[in-house]
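Trainee: I should like to learn how to read a protein model step by step. Where should one begin?

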Amino acid sequence: MAAPRTADRTARSTRRVVLAALCLIPLAACQSSKPGPMAGGDDAAWYIGTMPDKPFDVPLVDRSRIDPKYRRQEVAYSGPEAPGTIVVDIDKRHLALVQEGGTALQYGVGVGKAGFSWKGDARIGRKGVWPDWSPTTTMVSLNPGIERSRKGGIDNPLGARALYLYQGNRDTMFRIHGTNEPWSIGEQMSSGCVRMLNEDIVDLFERVPVGARVVVKRSSKYRA
C-alpha cells in the first residue's frame with residue numbers, strides 16, 4: 001500500500017509547485033483581464049502533472065475540465081486552405097491545422113475581447129520557446145504602469161511557446177501562444193492574442209515551420 005501513498009504525495013507536490021508559480025502571474029498583454037474561476041487558491045486543481053521540457057517542464061491540464069469541443073482532436077475539414085495552413089476561427093474558439101485528405105487537427109483556443117481581436121492573412125515570422133514577453137505600445141498607452149518585460153517561464157503570459165504572426169516583414173504584434181489560465185480556453189477574455197493550452201501550443205509548434213500561412217477569421221471572414 002506504500003506505493004499509492006507515495007504517488008499521491010508526488011502528485012500533491014507537483015500541484016503545489018505549479019500553483020506556487022501560477023500565483024506569481026500578474027495581468028499583462030495577451031493575459032486575462034479578470035480572475036479565472038479557480039483563482040484565489042485552487043488553480044492547482046486544474047493540473048495533473050508535468051511534461052518534460054527545457055528549460056522548464058510543461059504543466060499538464062486535467063482535460064476533463066475542458067469542454068470536449070475544445071479538446072485537441074482530428075476533424076473533417078472542407079475549407080479551401082492548403083495542408084499546413086493554420087486557420088483560427090475567432091467566433092468558434094477553434095484553431096485548425098489543415099492536413100492532407102480533408103482533415104484537420106483542431107485545438108480549442110481563448111481569444112481577445114471585441115475591439116482587440118485581429119483578423120487577417122499572415123505567416124509565422126518566427127517561433128519562440130519559453131519566450132520573453134513585453135507589452136505593445138498600445139498596451140503601455142492604455143496602462144502606463146504595466147510591467148515592461150518578463151523573462152520566459154511558468155509565470156510568463158506567453159506560456160511555453162509562441163508563434164509570431166507577420167505580414168511581409170512587418171510584425172503584426174499578434175501571437176498564437178500558450179497560457180497559464182486553462183479556464184480561459186473557449187472564452188473571449190484576453191487582450192487580443194490567441195491562447196492555447198501549453199501542451200497544445202507545444203504540439204502545434206512542432207508541426208509548423210516558420211513561413212507557414214496563418215488565417216485568422218472573424219464572422220467567417222479574414223478580410224474586410
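**Reading the cores, the sheet and the salt bridges**

Mentor: Let us begin with the interior. In this predicted model, the largest nonpolar core has 25 residues, and those touching the most other members are Ile86, Leu95, Leu163, Ile176 and Leu204. Helix α3 gives the most to this core, with three residues. A second, separate core of eight residues includes Trp46, Tyr47, Val61 and Ile185.

Trainee: What is the general idea behind looking for such cores?

Mentor: In soluble globular proteins, nonpolar side chains tend to be buried together. In this protein of 224 residues, 50% count as buried. The exposed surface comes to about 10800 Å², of which carbon and sulfur atoms supply 52%.

Trainee: Which residues does leucine 95 touch, leaving aside those up to four places away in sequence?

Mentor: Its partners are Ile86, Val87, Val88, Leu105, Gln106, Tyr107, Val109, Ile176, Met196 and Leu204. The wider pattern can be read from the contacts between residues at least 6 apart in sequence: 66% of them join residues at least 24 apart.

Trainee: How should I read the strands, and in what order do they form the sheet?

Mentor: Strands of a sheet pair through backbone hydrogen bonds, either parallel or antiparallel. The protein has three helices and 13 strands. Nine strands form an open sheet with mixed pairing, in the order β3-β6-β5-β4-β13-β8-β9-β10-β12. At its edges are β3 (73-76) and β12 (194-197), each of which pairs on one side only. On average, neighbouring strands of this sheet are turned by 30 degrees against each other, direction ignored.

Trainee: How many bridges join β8 to β9, and do these strands run parallel or antiparallel?

Mentor: Strand β8 (residues 120-129) and strand β9 (residues 161-167) run antiparallel and are joined by six bridges. To follow one pairing by eye, start at isoleucine 124, whose bridge partner in β9 is leucine 165.

Trainee: Where does helix α3 lie in relation to the strands?

Mentor: Helix α3 (residues 198-207) lies across β4, β5, β6, β8, β9, β10 and β12, and runs at about 105 degrees to β12.

Trainee: I turn now to charged side chains. How many salt bridges does the structure hold, and what does the pair of arginine 72 and aspartate 200 tie together?

Mentor: The structure holds twelve salt bridges. In the one between arginine 72 and aspartate 200, the closest N and O atoms are 2.8 Å apart. Arginine 72 lies in the loop between β2 (58-61) and β3, whereas aspartate 200 lies in helix α3, so the pair ties together parts that are 128 residues apart in sequence.

Trainee: Are arginine 72 and aspartate 200 buried or exposed?

Mentor: Arginine 72 is partly exposed, with a relative accessible area of 33%. Aspartate 200 counts as buried, at 0% relative accessibility.

Trainee: How far apart in helix α3 are aspartate 203 and arginine 207?

Mentor: They are four residues apart, so about one helical turn separates them. Their side chains meet in a salt bridge at 2.9 Å, N to O. Aspartate 203 counts as buried at 16% relative accessibility, while arginine 207 is partly exposed at 45%.

Trainee: Which residues are linked with these in a network of salt bridges?

Mentor: The network links Arg63, Arg72, Glu199, Asp200, Asp203 and Arg207. As a further example of a salt bridge, the side chains of aspartate 171 and arginine 175 meet at 2.8 Å, N to O. Arginine 175 is buried, with a relative accessible area of 10%.

Terms used
Residues are numbered from 1 along each chain as its sequence is written. This is a predicted model: local features need pLDDT of at least 70, side-chain atom pairs count only at pLDDT 80 or more; totals for chains, interfaces and linings use all residues. Side-chain values use heavy atoms; hydrogens and water are left out. Two strands pair if DSSP finds at least two bridges between them. Helices (H or I, at least four residues) and strands (E, at least two) are DSSP runs, numbered from the N terminus. Axes are lines fitted to C-alpha atoms, for helices over the stretch in contact, and angles run from 0 to 180 degrees between N-to-C directions. Contact means heavy atoms within 4.5 Å. Buried means under 20% relative accessible area, exposed over 50%, partly exposed in between (1.4 Å probe, protein chains only). Accessible areas come from the Shrake-Rupley method with a 1.4 Å probe; for residues, only the protein chains shown count as cover. A nonpolar core is a set of buried Ala, Val, Leu, Ile, Met, Phe, Trp, Tyr and Cys residues joined through side-chain atoms within 4.5 Å. A salt bridge is a side-chain nitrogen of Lys or Arg within 4 Å of a carboxyl oxygen of Asp or Glu.
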